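Colleague: Before we go into details, could you take me through this model, beginning with one charged pair and working outwards from there?

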Amino acid sequence: MSLTSTERGDPSAAGPDEARVGDAGRGRPAGPVAGVPRRGLAYGGMAVLAIALMVLVPMFFGTFQVNQIGRFVCLAIVAVGIGLAWGRGGMLTMGQGAFFGIGAYVMAMHMLLSDAALRGPDALPSFMVLSGNGELPWFWEPFRSGTVTVLAIVLLPALVAGLLGFSLFKRKVKGAYFAILNQALVAAVAVLLIGQQDTLGGSNGLSGFQSFFGLSLADPLNQQFIYLLACGVLVAMVALAYWTMRSRFGELLVATRDGEERVRFLGYDPAGVKTIAYVAAAMMASVGGALFVPIVGIISPTSIGVAPSIAFVIGVAVGGRGSLFGPVLGALAVAWAESSLAQAFPSGWSYFQGLLLILVIVLLPGGVASLGQRFRRHRADSGKGSTPDPGTDPAEPAHVPAPKGTLT
Amino acid sequence: MDILISQLVAGVSIGSVLLLVAVGLSLTFGQMGVINMAHGEFIMVGAYTTYVVQRILVDAGLSLLFAIPAAFVVAGALGLIIEQFLIRHLYRRPLDTLLATFGVGLVLQQVARDVFGAQAVDVAVPGWLQGNLQVFGAVVPYSRLFILVLSIAVVGAVVLFMAKSPAGRQIRATVLNRDLAETSGISSRRMDRMTFFLGSGLAGVAGVAVTLIGSTGPTIGTSYIVDAFLVVVAGGIGKIKGAVIAAFTLGVLQALIEYSTSASLAKFFVLVIVVAFLQLRPQGLFAVKTRSLA
């Protein structure tokens, strides 16, 4: 269970760092950071797991399974962002489907356009020909270019999230209000997409892609490459989250979650801090969506609405919203459970999903990642009697801070 | 001009449904700070109750009248059960109530699918609600008019209950200052249960109304819940007055935008308008000082 020690760096990641900074300031030896060796072990374990996932999966599984796991990896990329915004920042982002959808549709438009370009300079994506749409809608035009597409995948969600986030956070709209408005956003986007029958495929969505930036999707080797690309992006996102967590900004984000007014009194702008985290989460969701399309081969409003957006959140909640690896592992595990359980018991999955959500939220708000912490604390309490464990106490100032954070 | 009036009438009609759906939410969300995502499923429960009552009584007119109290009690009882086993553990964690009740919603949807089938069922509209009324050249189905009347009656009853009845006063006292209410001999647990029973029951009544508009399926609740939350957010939590104004304003706005663009764009613009409105009044139209929600 190398996993359990990862949460040392987790809901209160700012904790150990803060302690160390503070201690150094007071001229004491760098505090009791008992977690470092264990943390190193955990990260080593994760690195091994990541490499195994990246290299071994394509070696031992067929194209179908590789694609299946690739889909999980895309969902995990979204989860990293949710972990950042929700776990660290206390912003329940229930509308990640909207940003996921932006990335996915932009990528899908580009792929359909480049497929069509092979057939002729004025050829249209086939679904448009079927629906009798004579010319290309204006908003498709920019996505002929690969560069514009890649930029749009990153910048469009940033723009939307930036505008929405800043306008809400500036007016101190938060907590439940923020969550509900996010949900309204994703509901609106889904309805909007369904309405775009002849320009975005309506409820059928976009599908039938032949190539991904010049790589034929029929070739299993290319499929493997895209899978590896997704794995690489996931690792990069986790690294980014780790770096954020350790940075000054990360501490500010956690501080804003736990005491927004105090942060304001200290002279920082909580609205800016929250917007940045929200934008980062939106970008990650968009990138996850963009990679989802070549791997899965279809994007439709059903992958985007309110329910899929909550499904993203479920994985994060199960894994541990405040930890570094919790969201990733939770998302992978829940996606895997869904694909295997839903096949075996189609109606059982809904019950399982609902009960899982209820149980995790009520009994284990910190997710699986907090189990180790609970267990260690329990052991410390019973084993060492009244002597406080010097290794854990000062370094973990706030026990289970994640649920507290959600109060704000 | 005719078109404008007919859009206005359509807007009022949308607004009355929104209001009916949002009144219960306004109670549980506004008064108790519980974000009940399963509210949509309580609506579904009310709708299926109507269906069952009609299967038993057959006569559509009679069954509609019986369905209203039946749906209120069934949905309310379900709400009580969920409050007892789930929500009362989460009172201090509003965002978590949102997620946990979404889980409840998933389970309830699946129960409905297993009991009634995935296919939507239809509830017969009674004869006296078939036909249309002409209002200034606009055509209003009687069933829509019935919903308008029902929502006005429900809102009136809720307002009277909260303002005049001892129980309503006790609920308000608990919301305003839980400790002081306890000290005065009010059982805040009882008030929580009562509020939740009322809120859930009202969702059930809304469920009866939506059977008059369309088919009843397991996911019927999800199509109303987001709009209803927008109404509560725009109206300001805990204020019925805010919910009334917000519901009709959003309904009319949606109808007007729908006319000039399309139904799907309208939803989007309504969201944009609500966000813009929150720039002016972040607390919604009317704010009540309650236990801080956010």
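Modeller: Gladly, with the reminder that this is a predicted model. In it, the side chains of A:Glu260 and A:Arg264 meet in a salt bridge, with N and O 3.5 Å apart.

Colleague: What separates A:Glu260 and A:Arg264 within helix 11 of chain A, expressed in helical turns?

Modeller: An α-helix has 3.6 residues a turn, so residues three or four places apart point the same way. A:Glu260 and A:Arg264 are four residues apart in helix 11 (residues 260–265) of chain A, and their separation is therefore about one helical turn.

Colleague: Is A:Glu260 buried or exposed, and how does A:Arg264 count?

Modeller: The cut-off for a buried residue is under 20% relative accessible area, with partly exposed running from there up to 50%. A:Glu260, at 6% relative accessibility, therefore counts as buried. A:Arg264 has 26% relative accessibility, so this residue counts as partly exposed.

Colleague: Turning to chain B, which residue forms a salt bridge with B:Arg178, and how many residues apart are the two?

Modeller: The partner of B:Arg178 is B:Asp192, and the closest N and O atoms are 2.9 Å apart. B:Arg178 belongs to helix 7 (residues 178–183) of chain B and B:Asp192 to helix 8 (residues 188–210) of chain B, so that the pair links distant parts of the chain. B:Arg178 counts as partly exposed at 23% relative accessibility, whereas B:Asp192 is buried at 4%. The partner asked for is thus B:Asp192, and the separation along the chain is 14 residues.

Colleague: How many residues apart in sequence are the parts that B:Asp227 and B:Lys267 tie together?

Modeller: B:Asp227 forms a salt bridge with B:Lys267, and their closest N and O atoms are 3.1 Å apart. Because B:Asp227 lies in helix 9 (residues 222–235) of chain B and B:Lys267 in helix 11 (residues 263–280) of chain B, the parts that the pair ties together are separated in sequence by 40 residues.

Colleague: Which residues join A:Glu260 and A:Arg264 in one network of salt bridges?

Modeller: The network arises from salt bridges that share partners. Along with A:Glu260 and A:Arg264, its members are A:Lys172, A:Lys174, A:Glu261 and A:Lys274.

Colleague: Which residues make the salt bridge between chain A and chain B?

Modeller: Over all chains the count comes to 13 salt bridges, and between chain A and chain B the count is one. In that salt bridge the N to O distance is 3.5 Å, and the side chains that meet are those of B:Asp96 and A:Arg321.

Colleague: Which helix of chain A gives the most to the side that touches chain B?

Modeller: The elements giving two or more residues to that side are helix 6 (146–170), helix 7 (175–195), helix 13 (306–319) and helix 15 (346–363) of chain A. The one that gives the most, with 15 residues, is helix 7 of chain A.

Colleague: How do the residues on that side of chain A divide by type, and what percentage of the buried area do carbon and sulfur atoms give?

Modeller: In the interface, 45 residues of chain A are in contact with 42 residues of chain B. The residues on the chain A side divide into 31 nonpolar, eleven polar and three charged. The area buried between the two chains is about 3800 Å², and the part given by carbon and sulfur atoms is 77%.

Colleague: How far apart are the end C-alpha atoms of helix 4 of chain B?

Modeller: Helix 4 (residues 94–116) of chain B has 23 residues, which at 1.5 Å a residue should span 33 Å. Of these residues, 18 are buried, so that the helix is mostly covered. The distance between its end C-alpha atoms agrees with the expected span, at 32 Å.

Colleague: Is B:Thr50 buried or exposed?

Modeller: B:Thr50 is placed in helix 2 of chain B, a helix that is mostly covered, with 15 of its 19 residues buried. Beyond neighbours within four places in sequence, the contacts of B:Thr50 are B:Ala67, B:Val123, B:Gly207, B:Val208 and B:Thr211. Because its relative accessible area is 2%, B:Thr50 is buried.

Terms used
Residues numbered from 1 in each chain as written. Chains lettered and ligands numbered in written order. Predicted model: local features only at pLDDT ≥ 70, side-chain atom pairs only at ≥ 80, totals over all residues. Heavy atoms only, no water. Buried < 20%, exposed > 50% of the residue type's maximum accessible area, 1.4 Å probe, protein only. Contact = heavy atoms within 4.5 Å. Buried area = accessible area lost by both parts, 1.4 Å probe. Salt bridge = Lys/Arg side-chain N within 4 Å of Asp/Glu carboxyl O. Nonpolar A, V, L, I, M, F, W, Y, C, P; charged D, E, K, R; others polar. Expected span 1.5 Å × (residues − 1).
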